[in-house]
Each structure stands twice: as C-alpha cells, then as structure tokens.
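Subject: Structure to look at

Hi,

Here is the structure I said I would pass on to you. Have it open while you read, and my notes follow below.

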Amino acid sequence: MKVSPSEATGFICDDNGAVLPTVENFYKFCGERKLMGVKCMACGTLLWPPRGICPKCFSYKVEWTEFKGRGKLLTYTIIHFPPSQFQALAPYAVGIVKLGEGPQLPGMIRNIKLEDLHIGMDLEVDFEITVPKEWPRWPRYFFKPAR
Amino acid sequence: MTQPLASIVSAGISRFGVREGLYGRELFAEAAREAFDSCPNLNPKRDIQALFVGMMSDSYEHQAHVAPLFLDWVGLLPKPAFRTEGACASSSVAMRTALFAIVSGMYDVVLVGGVEKMTHVSTTGVTEILAMASDFPFEQWHGISFPGIFGMMAVDHMNRYGTTEEQMAKVAVKNHEHGVLNPKAHFQKRITVSEVLTSRPVAWPLKLYDCCPRSDGASCIVLTSPKIAKKFTDTPVNIIGSGQAQDTLSLFERENFSTMKVTKLAAQQAYEMAKVGPKDIDVAELHDCFTIAEIIAYEDLGFCDKGKGGKLIDEGATYLGGRIPSNTSGGLKAKGHPVGATGTAQACEIYLQLTNQAGRRQVAGAEIGLTENVGGSASTGIVHIYQRGD
C-alpha cells in the first residue's frame, strides 16, 4: 500500500512514501478505524503485530493488509485490580481473539455483561473515539460481541 | 551421570518479606554474609573473582548500575561485576552467565546472586513496574495486568483440561504449609482452600491468595569450578544440567496458552545434559508466581502428563513427603518473590536440601534437585539440575 508522505498523513514512511510496518503506524491506522496487519511478500504469512522481518522465511518484504476484524474468543480474564489508568473501568474483561484471517490479537472486550463471556464466542473489532492525552497517544481498538 | 558444569560451595539468603528501612544493597550484603560465614575455607576478597547479579527493575529504588554497587557493599571492589535482567528469571540468567564464565575457564570462583526491594512501593506502583515485563503497546496499553496474563492461561487450562479453582487453591495451601517450616519465608502461616477461594478477585479466576506477594529480599550462591570445589567444602552441590529458552514477550501470539514452551525446552536441554529424567528428581523448586503456573510447570517438566497437573496436586504428590516434593521453601507464594532474588533463592533451597541442611523441611536422602524459573509470561525459561557432590 502506497500512501502520501508522512508530512501529510502522520504515517512514518520510507523514502518511496510506503508506510513502514511499525507499531506507531498500526495505531495510526486504528485512528482511521482500520485494523491492519502485514503480509510477507515472500511466503504469504500474515504477521501481527506488524514487523519488518518475517520470522518464517526471514524476508524483509512485507506489505500492509486490512483485517475484517471478526474472530473468536480464545481465552479471557476479568481484571479486578487494574493498572491505574484503567481503574475507572474495573472490573473489565480482556481476552485473546483469533481473527478469521488467522492472527491472534489481545484486547479489551466491551459492550458485554461479564457473565455472558465464553470461549469460542464471536467478536468484532471497534475503535475508541478519543485518543489518550499522554504519550504515546495511540487510539485503542477493542472487541465487542459480533452483530 | 555427567561431568558437572560447576559446583555450589556455599549459599546465603536474606530473610524475605517486608524489610522496612533496608535497601537492595543491604539485603544483598545480608545474603552474602551468610554465604561467606558458612564457608570458613573461603576468603572472599582473595578467592572470589567476579560477581553476577540479577535484578529486574531500576524503578523500585531509583537505582540503576547496581553491579558495582552490590559488589562494593559486599567488599569485593575492584572485581568485575555483571548485572543481568530477565524479569522474574533475572538471577537465573545470572547463574547461566556465571556458568559460561566457569565452563570457559575464565573464572574459577564467582559470587552469583539476585536482589529486589519492592515493598516500599504501593501495590499499584508494583503492579505497574511488574507489568513492564509484558508488552507495552499490545498488552499494557489494553489494560492487561500481569496477573491478567496468568488469568488468561488459567481460563485456557480450565477450559481444556477441566482444572478447577480448588486445585489452584491447593497449590497455595501446600506452599503456605511448607512456608511454615522456613524461618526465612515471607509468610509462615497456614491458609485453607476456602480462604483462597473467598479471597479478593485480582484477575479472575485468580484471587489474591493465588498470587505471590511483593517482597524484599536477596539471595546468593558461591559457584566454583568442580575441580576445586572440595577446597572449600566437603559437601558441594554440583550443577549437572542447565537449559534456557525464550518465547514471545507477549502471550497472545502463542499456539497454546496452557503450556510454557520455554519450560519444556529448557527442561529437555537440562535433562539431556544431566542424563536424568523427571522420575529421578527428588526435590524441586518451581516458579509459582501464580498458582496456575505451578500446575503448568508440573506438566511441562514431565512430573505428570499434560493436563494432569491439577490431579497431581489433588493426590498430594508435591507435598513434603510426597513423590516429588515441590517448593519446600514455600515457593514464590509463601517464601516470597523479590523478583530478582528468586532464581538464586531457588538454587539456595536446593543447595540446603542436597546438603541435608533444610531443617524441618528436609527431604530425606535427597540426591538430585531441580529449579524452574520463568520470566514474564514465560518469555524466558530456565531449568537447572543439581546433584550432591560429596
């Protein structure tokens, strides 16, 4: 995927204007309500989190790809004693979701009664509207029950 | 049996727990004094050639560059000192590094230890410092606490194998039972299964009493090349196997959340090197940062089949007097878990057991011991195997 240089979009790009496969750029995409990963151009492996070296075949050629953002809950826990910035939300659920495309993502599970959580349930991604005030100011994605 | 890698000729451990007004350097000196005093043939200033010390976080005491500091506080300037970090496995990394130094022939006598001073920091503060061992952008950023990572392992284990909250509680009860017998343990009091089950939830299904405490403490061993060990003691303990493996920093990428692959791989290496198997182990110190972690360790070390860890604790096999006594020290749960000190504290317990100095918690006739120490969400795993050397 080619996009305009970083000055215009805020993405960190290489000299040719291609968005680099970085953590920061992943979250910039979240700000555009896109859940992205990268695909190894040599062996086709989907990599998440995005990174620049394929651990399967050691190729350095990867390209961004957008996920549909739907998947199944693999495991979860209910956080009663949270880190300080999440105190207002407790108790809340976090889990690991296997996307339809294959990669596994961690995240908060919202818009659900905690007693309704179960392994194997269908979830879909959504995005926070507001961006945290402090560094690193990444817009968060989260999961909710699939419609 | 195999040629030993190195020999432990002495060991020292500070009292673990809330050590108000004492800091890392003083706790380390307390541990070192015990190791020096219990080995009259050792002249530390003359004999010890280097220090290897593990500590997780500079944040607790606002103190970095601790290798020269700890060296100075035990009177060993200007010997070279090395600090290692591997989260909760920091001092096992120090042990591995020290083994390389001895096996290479670079040094013959070294001091290896670990330190952490935690209890002056609030519970919230400690939670945040420990969380640094998990992935910042993809775990911490999403509100996943450190207990939360092990909570997700526990839910997976319960779902796959039918492991119960009661079985996890029994691990805590056992380790508290053992802690009563250890005068250095943070907690020296019994608890019951129902107390564990009704304790405050932290990261369901893990409750407060499924979690190890934050503790202050330090530990150390004096490690020598096997050929000179007898100069220092008639009863050395030989390290005959050592293994280490790494996994993703974060939990979510793994194929199976009910296995600590690093423990399996490290154990395979260590068993192979020592030419022993799980059935030969007489006493073990395991990484019970959370009760589920000890159940998973039983399985990954081959003490029982995969998925049968809960049954092993039900049978009482890992109690003192059982088939494979585990965490006779009280483990991280009752002895305490001053993060950086834990790896060498496990080695200290095995040293005491194999030299018949473990007092009321002695495993009669113990010949071969094992330690299993993991860092973070089992992103670092280290296993050592020990044998009586007298």
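Start with helix α7 of chain B and what packs over it: the cover on the buried residues of α7(B) includes α6, α8 (193-197), α10 (291-300), α11 (309-314) and α12 (331-334) of chain B. Keep in mind that this is a predicted model. How many of the 15 residues of α7(B) are buried? The count is 12, so the helix is mostly covered. Among them are B:Gln167, B:Met168, B:Ala169 and B:Lys170, and the list also includes B:His176, B:His178 and B:Gly179.

You can check the length of that helix yourself. α7(B) covers residues 165-179, and at 1.5 Å a residue its 15 residues should span 21 Å. Its end C-alpha atoms are 21 Å apart, so the two values agree. If you try the sum, remember that the expected span uses one less than the number of residues.

How far can you trust chain B? Its pLDDT averages 97, and 100% of the residues score at least 70. Among the elements of chain B, α5(B) has the lowest mean, 89, while strand β9 (residues 283-285) has the highest, 99. For the complex, the predictor gives an ipTM of 0.95 and a pTM of 0.97.

Now for the place where the two chains meet. The contact takes 27 residues from chain B and 26 residues from chain A. On the chain B side, the elements that give two or more residues are α5 (123-131), α6 (146-161) and β5 (201-204). Which of them gives the most? That is α6(B), with 6 residues, and you have already met α6 of chain B as part of the cover over α7(B). By class, this side of chain B has 13 nonpolar, 10 polar and 4 charged residues.

There is also strand pairing across the two chains. Strand β4 of chain A (residues 70-79) pairs with β5(B) in the antiparallel sense, over 2 bridges. To find the spot, look for A:Ile79, which stands opposite B:Ala203 in β5(B).

Follow β4(A) back into its own chain and you get to another pairing: 3 bridges join β4(A) to strand β7 of chain A (residues 122-127), and these two run antiparallel. Here A:Arg70 stands opposite A:Glu124. β7(A) is in turn joined to strand β8 (residues 141-145) by 5 bridges, again antiparallel. A:Phe127 has A:Tyr141 in β8(A) as its bridge partner.

Stepping back to chain A as a whole, it has 2 helices and 8 strands, and along the sequence the helices are followed by the strands, in the pattern α-α-β-β-β-β-β-β-β-β. Its C-alpha atoms fill a box of roughly 50 × 35 × 25 Å along the principal axes. Of its 147 residues, 32% count as buried.

Chain A is divided into domain 1 (6-66) and domain 2 (70-145), and their C-alpha centres lie 22 Å apart. Between them, 8 residues of domain 1 are in contact with 9 residues of domain 2. Helix α2 of chain A (residues 23-31) supplies the largest share of the domain 1 side, 3 residues. That side divides into 5 nonpolar, 2 polar and 1 charged.

Have fun with it, and write back with any questions.

Cheers

Key. Residues are numbered from 1 along each chain as its sequence is written. Chains are lettered from A and ligands numbered from 1 in the order in which they are written. This is a predicted model: local features need pLDDT of at least 70, side-chain atom pairs count only at pLDDT 80 or more; totals for chains, interfaces and linings use all residues. Two residues are in contact if their C-beta atoms, placed from the backbone, lie within 7 Å. Helices (H or I, at least four residues) and strands (E, at least two) are DSSP runs, numbered from the N terminus. Ala, Val, Leu, Ile, Met, Phe, Trp, Tyr, Cys and Pro count as nonpolar, Asp, Glu, Lys and Arg as charged, and the others, Gly among them, as polar. Two strands pair if DSSP finds at least two bridges between them. A residue is buried if 20 or more other C-beta atoms lie within 10 Å of its own, exposed if 12 or fewer, and partly exposed in between; C-beta atoms are placed from the backbone. pLDDT is the predictor's confidence in each residue, from 0 to 100. Domain bounds come from an automatic or database domain assignment.
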